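Got the model open in your viewer? Load it, switch to cartoon view and follow along stop by stop.

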Amino acid sequence: KNSAKAIEKELVTCSLQEKEKTAINRSQIFQIPQRKDLETKVIVLLGKAGMGKSILVQKICQDWSNGDFSQFEFVFWFDCKQISLPEKRYSLKELLLEFFVKPREGSNEIFEYILQNPAKVLLIFDGFKGLHDHENFPRYSASQPEKDLCSIKELLSGLIQKKILNGCTLLFTARPKDKLYQYVSKVDKTIEIVGFSPQQRELYITRYFEESPYCDSALKLIKECEYLFSHCYSPVMCRFVCFLCEAVLQMGEKSLPSTLTEVFLKFFQQKIMLMQTDVTATQNQESLATLARIAWCLGEKHQSAMKSDLIPSKEVKEFALKYGFFLPFAFPRHSDSEEEEFGSTFSDFVIQNFLCALHLLLAEELKDKNLTKYLSFLSKKKKPYNWLDLMPRFLVGLMFLQNDPYFCSLSNEDAKQSTKKQKTLLKYIRRLQIHTLCPERLLELLCCVYETQNNYLLQHVALRLEPDLSFLGIVLTPPDVHVLLSILKRSRKEFSLDLQNSSIDMEGLQALVSLRNVTSFRAPLSDTVRLWKSLEQTKDYELLKASTEKFVLDPFKAKTMKDISDLSDLVEMQEKMTNCVQEASGRTSYEIPAIRNLRKLEFALGPACGLQGLQKLVKILAAFPSLQHLDLDALSENGIGDEGAKSLSEVFPTLTSLETLNLSQNKITDLGAENLAAALPSLSSLKTLSLYNNNICDFGAENLAKVLPAMTSLRVLDVQYNKITGVGAQKLTDSLRKCPHIKNLVMWNPTIPYGVLEHLQQLDSRISV
């Protein structure tokens, strides 16, 4: 369990560090550079529920059938709801050639061809929730891999471990929160679908109403309701909003609901109420309550599908199918003699989430106090219902819709019961120590409170937000940004926002940083510069200047070449802004505060890009007048070598504020030390210099010794773990006598005899061993 958690943490850390926003075409999905063709390739397609993962893989299948992806002769696509029942067992041959497609003849020959040509096979597992299963995958140990019967988990385990069909390509679709556990290292490529941009939302809505008389008015109506328009970044939500907008316009109404809960309450009303009579009303009410209970029972198990014989009654099944809440499908058969098994699945994850919330509210066995335990902003000891991520928001929203006539007809609750539940929630949130919530749960609280549209609750939360708000590593979707905006506007406090690795879009970033009470923010450097370039192009100089004043960069850690490029773009942006300011006010210079105030710069590009990255970095180092700490020591070792040391030494005269220079573990030899030594006295503020674990010998030590007296600001020098012998150590000790300003010389080297080093230390106590 602990190792699985460690691997999961490692995955999160790596993905956040390396993730870059790069759009790719479908044709690039299966391109994996520097990969052996003979080995199984594992590709994971991530996306929140409703983002269109299934549509994308279906499109891939269609493209293949039209001649694209010609590297594959066979493509097998599996909906994992159908194949992942725990009691089902398959052999690989049955899964491919009996369940997926059944050849009329020659199945043995086809299967043999597949086994001999695995590189020509693509297997797609759509929506496999086993990737996050708490039991983890079993180790695959079948004696006859392609013929033995095993569970789908064991089969997938064998495929990923390359014990079955080694050389094929596997494509999984999963939600971003699904864990890959011990198979993290086996994934060759991860792609994430992030949803519609504002322009794509408009295009979808326009196409939806293309042949409708409401085309112009629909787009206008949806855009006026900013919260609902923000939800349209999700394709499935966009479809729901369009459906509801059409119904609203047909009834002659002029406004849309203001919350997601109201949208789906109205959706159910449109589906059921308008078609029912007094006779069917009670029956529908009972069927809906039963369906809600089914939704909850499945949701607790992270499932959305079930066998038809498990549905309590024929009436409930017909009700669910009639109104589109269920979709039918068939489970696979093992042989012609077996009867075909049919099942049903919820047509949409949002419908299941809404019905789960409805069940919790209607269930008589649940006391009012127990409802709060199903909210996702619980203490760390409680397990949040991550799979039903919209359920808490619907639950809270429904508690505050007691006056809605349709909800009253669904719930049979009197006003007293509803008011009691509201009071329980109000009391619970009042007692919450909001400042102790982690970013993810704070965001969940804000979204839940927003669904209530209760002024007291919104104000209560706004007033108790901490001035330093961090959403580091939390995905901020457009609806999240809208909620955060609306609540921050209610507060009189000044806020500092950390939006690093939050995947926030440019529109959201612009909206947040333009708030007057947001006085400073951190965000990905590339996104920030992109925002500034956009503001420059639209000539919004006022917001451009305001956002540059608020941006915080210090400390900055460069981990990729792109980070260095982004830093170069930032410096270039300052030059452009200087020109703009000069034209507007006649001033000859302008400094972006983030550049002026950068004090610590860490460089960790590793050996592959270390030298190249440093050579690009030194060209802009002079632009940072307050730089005090330059750290080129990385766990992966940058390996800038003598060439990098020479390039860096050339810009020393410009680094007038530098106090700490760490060049440890960089493969610097005597040549590099000689170049450094010649330029080091120009670092007039340098206090600490570390050359730990390089390849410096006596000649390099002698050059350093010569310049030590001239380095009057230096207090600490670290040259341990080099190749200095007693000769070089003596030179450094002799120089140390002329340097009363130096407090500590760390000089242990495996090549210096211990007795010599001990003797030198007795001569000067500032020498550390």
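Select Pro-555 to begin: you land in the loop between α24 (541-550) and β12 (556-558). Show the backbone there as sticks, and you'll find a cis peptide bond joining Asp-554 and Pro-555, with omega at about -10°. The helix and strand labels are DSSP runs counted from the N terminus: helices are H or I with at least four residues, strands are E with at least two.

A word on ground rules. This is a predicted model, with residues numbered from 1 along each chain as its sequence is written. Local features need pLDDT of at least 70, side-chain atom pairs count only at pLDDT 80 or more, totals for chains, interfaces and linings use all residues, and side-chain values use heavy atoms, with hydrogens and water left out.

**Around α24**

Next, pick Lys-539, in the loop between α23 (525-537) and α24. Lys-539 isn't a glycine, yet its phi is positive, about 60°. Is Lys-539 buried or exposed? Its relative accessibility is 60%, so Lys-539 counts as exposed. The classes work like this: buried is under 20% relative accessible area, exposed is over 50%, and partly exposed is in between, using a 1.4 Å probe and protein chains only.

Now select Ser-514, in the loop between α22 (506-513) and β11 (518-522). Ser-514 has a relative accessible area of 36%, which makes it partly exposed. Which residues does Ser-514 touch, leaving aside its neighbours within four places in sequence? Add Leu-543 and Lys-550 to the selection: those are its contacts, where contact means heavy atoms within 4.5 Å. Ser-514 and Leu-543 are 29 residues apart in sequence, and their C-alpha atoms are 6.8 Å apart in space.

For another positive phi outside glycine, jump to His-302, at about 60°. His-302 sits in the loop between α12 (278-300) and β6 (305-307). With 22% relative accessibility, His-302 counts as partly exposed.

**The five-stranded sheet**

Select 41-47, which is strand β1, then bring in the rest of its sheet. The sheet is open, has 5 strands in the order β2-β3-β4-β1-β5, and pairs in parallel. The edges are β2 (74-79) and β5 (189-193), each pairing on one side only. From one strand to the next, the twist averages 15°. Two strands pair here if DSSP finds at least two bridges between them; β1 and β5, running parallel, have 5. To see one of these, select Ile-43 and its bridge partner in β5, Lys-189.

Then colour the helices that lie across this sheet. Helix α2 (53-65) lies across β1, β2, β3 (121-126), β4 (169-174) and β5, at about 155° to β2. Helix α4 (92-100) lies across β2 and β3, at about 80° to β2. For these angles, axes are lines fitted to C-alpha atoms (for helices, over the stretch in contact), and angles run from 0 to 180 degrees between N-to-C directions.

**Two helix pairs**

Select 215-224 and 235-250, that is, α8 and α10. Their axes are 10 Å apart and the packing angle is about 115°, so α8 and α10 are roughly perpendicular to each other. The angle classes are roughly parallel under 35 degrees, roughly antiparallel over 145, roughly perpendicular from 65 to 115, and oblique for the rest. Show side chains for Ser-217, Ala-218, Leu-221 and Ile-222 on α8, then for Val-241, Cys-242, Cys-245, Val-248 and Leu-249 on α10: these make the contact.

Now go to α28, residues 641-649. How many of its 9 residues are buried? The count is 7, so α28 is largely enclosed by the rest of the structure. Pick out Gly-641, Asp-642, Gly-644, Ala-645, Ser-647, Leu-648 and Ser-649 to see the buried ones. Their cover includes α27 (606-617), β14 (629-631), β15 (660-662) and α29 (670-679).

Keep α29 on screen. The axes of α28 and α29 come within 8 Å and cross at roughly 10°, which makes α28 roughly parallel to α29. On α28 the contact uses Asp-642, Ala-645, Lys-646 and Ser-649; on α29, Leu-671, Gly-672, Asn-675, Leu-676 and Ala-679.

**Zoom out**

Finally, select the whole chain, with its 32 helices and 19 strands. Of its 769 residues, 52% count as buried. Among contacts between residues at least 6 apart in sequence, 75% join residues at least 24 apart.
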